Amino acid sequence: MPDFLALCPIDSCEESKKMSGLDRGSPPTGPAMPAIPLGDKARMRAPPFDIRAPPAKMPRMDTTVESPLLRREVARRRTFAIVSHPDAGKTTLTEKFLLYGGAVQLAGSVTSRKNQRATTSDWMELERKRGISISSTVLQFDYQGYRINLLDTPGHKDFSEDTYRVLTAVDSAVMVIDAGKGIESQTRKLFEVCRRRGVPIFTFMNKLDRPAMDPLSLVDQLESVLGIGAYPMNWPLGTGPSFKGVWDRRTRMAHLYERTPGGAYRAPVSTAGLHDPLVRDAVDPESYRMVCEEVEMLEGAGHGFDPEAVLAGRITPVYFGSALNNFGVQILLDGFLEHSRGPVGRRARHGPVAPGHEAFTGFVFKIQANMNPKHRDRVVFLRVVSGRFERDMTVTLARTGKTVRLANASKIFGRDREIIDEAFPGDVVGVITTEHFAIGDTVTAVAGVVFDEIPRFAPECFAAIDNPIAANHRRFSAGLTQLLQEGVVQAFIRDGDGKTPLLGAVGPLQFEILQWRLESEYGAVSRLTPAAFTVARWVGPVESVSGFSLPSQVQLVKDESGRPVLLAPDAWNLDYFQKLNPSAQLSDAPLP
Ligand SMILES: Nc1nc2c(ncn2[C@@H]2O[C@H](COP(=O)(O)OP(=O)(O)OP(=O)(O)O)[C@@H](O)[C@H]2O)c(=O)[nH]1
Ligand SMILES: [Mg+2]
């Protein structure tokens with residue numbers, strides 16, 4: 001598994017903690033990543049300084065300077081991702097956060113007929129057609145003095161590379177669980193990534209309006225399957241058709257909701273004590289008896305809520321509800337904002353960089369072209385790590401050492417964008433540019449800062465792609481170059497065959513998206529020829545590779561950064577290679 005600790009958030013230094021919202025006392029008032037574009041010779045040129053060796057006297061960047069503006073702005077930022085197994089309700093919950101956050105007036109109708117959806121976050125035509133999220137979406141909005149950067153991620157495992165990249169850019173995560181199904185495989189994987197990166201996790205048990213597992217078993221699963229302590233923040237009043245609301249543990253009040261058509265508007269809510277006749281009459285007698293018993297048990301357990309344990313990732317606060325019906329959404333949003341952390345710094349090669357350091361630094365975690373048909377351009381998504389970002393500022397692109405002017409910086413809301421003048425740590429900024437940015441790039445106002453690479457994954461599906469219509473050559477290669485830069489799939493170069501790369505993907509849906517986007521965004525139909533490989537391993541030591549003996553079915557290729565990679569049809573062939581070449585080092589992530 002690649003090292004997810006690369007670009008790991010840091011919150012160890014005291015200054016960083018102070019800036020990151022651990023002192024949340026008062027509420028806020030106010031050789032770099034691959035994806036070398038084919039034929040882009042410019043990227044191959046040596047940078048003017050050695051980016052891997054920081055200047056002898058690198059300034060310390062783990063301390064903050066006393067800028068009241070920076071301190072205030074950092075404290076009010078919350079940057080988080082919503083993650084889970086497919087279909088658990090991430091996009092629906094995202095939409096409801098926007099509804100309760102006042103960012104949309106009417107929630108898109110995500111109905112059971114999937115082709116009717118029109119959510120802010122699933123804006124791609126293919127997402128709407130298919131009813132699944134394909135690509136992560138950034139949504140920035142203000143709510144109760146907070147500036148929220150919310151990232152909805154795709155759950156499908158074929159798109160997990162995108163989701164993992166997003167996890168490098170956030171400070172916390174909300175994990176959504178379908179209460180009818182419990183913890184599913186993809187959720188388990190994502191949880192593990194969050195844990196390894198030290199990202200605090202909040203849990204939303206969704207779809208309580210449908211037949212659900214017993215709430216105690218759901219909580220128990222968090223502990224037994226994921227191995228994290230669980231602290232229920234509220235408790236469901238009934239499940240399925242008799243799901244009427246939640247009992248809020250902090251205020252000790254029951255929240256009874258009314259359903260609204262399609263959940264498009266906020267759900268009217270009334271509150272009362274658990275033993276109030278209003279609550280007793282609303283819930284069926286059997287459920288009511290159960291709830292009273294369970295609540296008594298929770299209260300009797302005597303564990304207090306420990307915010308530090310949440311931030312340390314030892315405990316996940318658990319909220320119950322139904323995103324579709326807006327039950328429990330506001331309690332989750334408010335609870336998350338209160339207990340989550342603000343922006344934390346990141347570890348650069350020379351040492352930690354705190355959010356409150358005055359010098360601007362950031363890194364690219366996503367690139368997407370053609371987001372808006374009105375502007376057929378390319379958005380580079382930048383997470384601000386430290387300092388104040390200003391429109392038009394000039395920074396160094398660490399990979400090339402080139403000076404780049406960041407004009408045209410925007411705040412992103414789904415597919416919409418709005419020019420901004422400034423941004424602060426935690427913010428995701430969309431830079432519209434034709435510069436050759438790559439995923440994982442560091443941009444910095446201080447020479448020598450390089451954040452570690454965003455990991456690449458060993459693909460499991462392979463295919464060659466070519467252009468069947470000679471007249472389309474230009475648009476085909478322009479589209480392919482662009483989509484490879486975005487990291488939609490990976491390209492591998494075979495010796496003597498530099499022009500038609502072999503493509504690798506984590507799952508076959510990635511190829512489908514590539515072909516669909518080539519056609520719909522660039523007008524280039526393409527032909528895909530599957531290749532019979534299923535395993536890729538980076539191989540070293542580099543200086544010995546040319547001397548290795550290859551079994552007939554194993555091929556040696558290069559990744560986009562020129563690193564040697566072995567492709568094999570199956571694990572058996574790979575083992576055979578290893579037997580033939582015992583000194584070969586094989587890895588499922590690029591070797592250093
Ligand atoms: N009954 C019920 N259905 C829900 C609820 N929340 C979401 N759904 C439905 O579950 C389906 C999947 O919802 P999405 O929000 O698209 O799920 P997702 O997690 O974003 O899916 P991917 O992004 O494709 O992984 C849709 O049909 C939703 O209407 C809920 O609270 N109750
Ligand atoms: Mg989704």
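Which residue takes a positive phi just after α3? Just after that helix, Gly102 has a positive phi of about 80°. The structure described here is a predicted model, and this report starts from helix α3 before turning to other parts of the chain.

**The chain and helix α3**

The protein chain holds 14 helices and 32 strands, and buried residues account for 51% of its 592 residues. Helix α3, which spans residues 90–100, is mostly covered, with 11 of its 11 residues buried. Among these buried residues of α3 are Lys90, Glu95 and Lys96, together with Leu93, Phe97, Leu98, Leu99 and Tyr100. The buried residues of α3 pack against the strands β2 (77–83), β3 (137–143), β4 (146–152), β5 (172–178) and β6 (201–206), and also against the helix α11 (329–339).

Two packed helices are described by the angle between their axes and the distance between the axes. For α3 and α11, the packing angle is about 80° and the axes lie 10 Å apart. Because angles from 65 to 115 degrees count as roughly perpendicular, α3 is described as roughly perpendicular to α11. On the side of α3 the contact is made by Lys96, Phe97 and Tyr100, while α11 contributes Val329, Gln330 and Leu333. By class, the residues of this contact of α3 with α11 divide into 4 nonpolar, 1 polar and 1 charged.

**The surroundings of ligand 1**

Helix α3 also takes part in the shell around ligand 1, where it supplies the largest share, 3 residues. In total, 23 residues surround ligand 1, and the closest are Gly89, Thr91, Ser133, Gly155 and Leu324. One of these closest residues, Thr91, is also among the buried residues of α3. Sorted by class, the shell around ligand 1 has 7 nonpolar, 10 polar and 6 charged residues.

**An open sheet of four strands**

Elsewhere in the chain, 4 strands form an open sheet in the order β8-β9-β10-β11, with antiparallel pairing. The strands β8 (234–237) and β11 (269–272) stand at the edges with a single partner strand each, so one side of each is left without a neighbour in the sheet. On average, neighbouring strands of this sheet are turned by 25° against each other, direction ignored. Helix α9, made of residues 285–301, lies across β8 and β9 and runs at about 170° to β8.

Inside this sheet, β9 pairs with β10 in the antiparallel sense, and Val246 stands opposite His255 in β10. The loop between β9 and β10 contains Arg252, which has a positive phi of about 55° although it is not a glycine. Arg252 counts as exposed because 11 other C-beta atoms lie within 10 Å.

**Paired strands compared**

The table sets the pair β9 and β10 beside two further antiparallel pairs.

| First strand | Second strand | Bridges |
|---|---|---|
| β9 (residues 245–248) | β10 (residues 253–257) | 4 bridges |
| β13 (residues 345–348) | β14 (residues 351–353) | 3 bridges |
| β30 (residues 555–558) | β31 (residues 564–568) | 4 bridges |

The strands β13 and β14 form a hairpin with 2 residues between them, and the bridge partner of Arg346 in β14 is Val353. A hairpin is also formed by β30 and β31, with 5 residues between them, and in its turn Gly562 has a positive phi of about 85°. Val557 has Val565 as its bridge partner in β31.

**Loops and backbone details**

Most residues other than glycine have a negative phi, and most peptide bonds are trans. Against that background, Asp392, which is not a glycine, has a positive phi of about 75°. Asp392 is found in the loop between β17 (389–390) and β18 (393–397), and Asp392 counts as exposed because it has 10 C-beta neighbours inside 10 Å. The peptide bond from Gly540 to Pro541 is cis, with omega near -5°, and Pro541 is found in the loop between β29 (535–540) and β30.

Is Val199, a further loop residue, buried or exposed? Val199 counts as buried because 24 C-beta neighbours lie inside 10 Å. Val199 lies in the loop between α6 (185–197) and β6, and although Val199 and Arg341 are 142 residues apart in sequence, they are 9.8 Å apart in space, C-alpha to C-alpha.

Methods. Residues numbered from 1 in each chain as written. Chains lettered and ligands numbered in written order. Predicted model: local features only at pLDDT ≥ 70, side-chain atom pairs only at ≥ 80, totals over all residues. Pairing = 2+ DSSP bridges. Axes fitted to C-alpha atoms, helices over the stretch in contact; angles between N-to-C directions. Contact = placed C-beta atoms within 7 Å. Buried ≥ 20, exposed ≤ 12 C-beta atoms within 10 Å, placed from the backbone. Near = placed C-beta within 6 Å. Nonpolar A, V, L, I, M, F, W, Y, C, P; charged D, E, K, R; others polar. Parallel < 35°, antiparallel > 145°, perpendicular 65-115°, else oblique.
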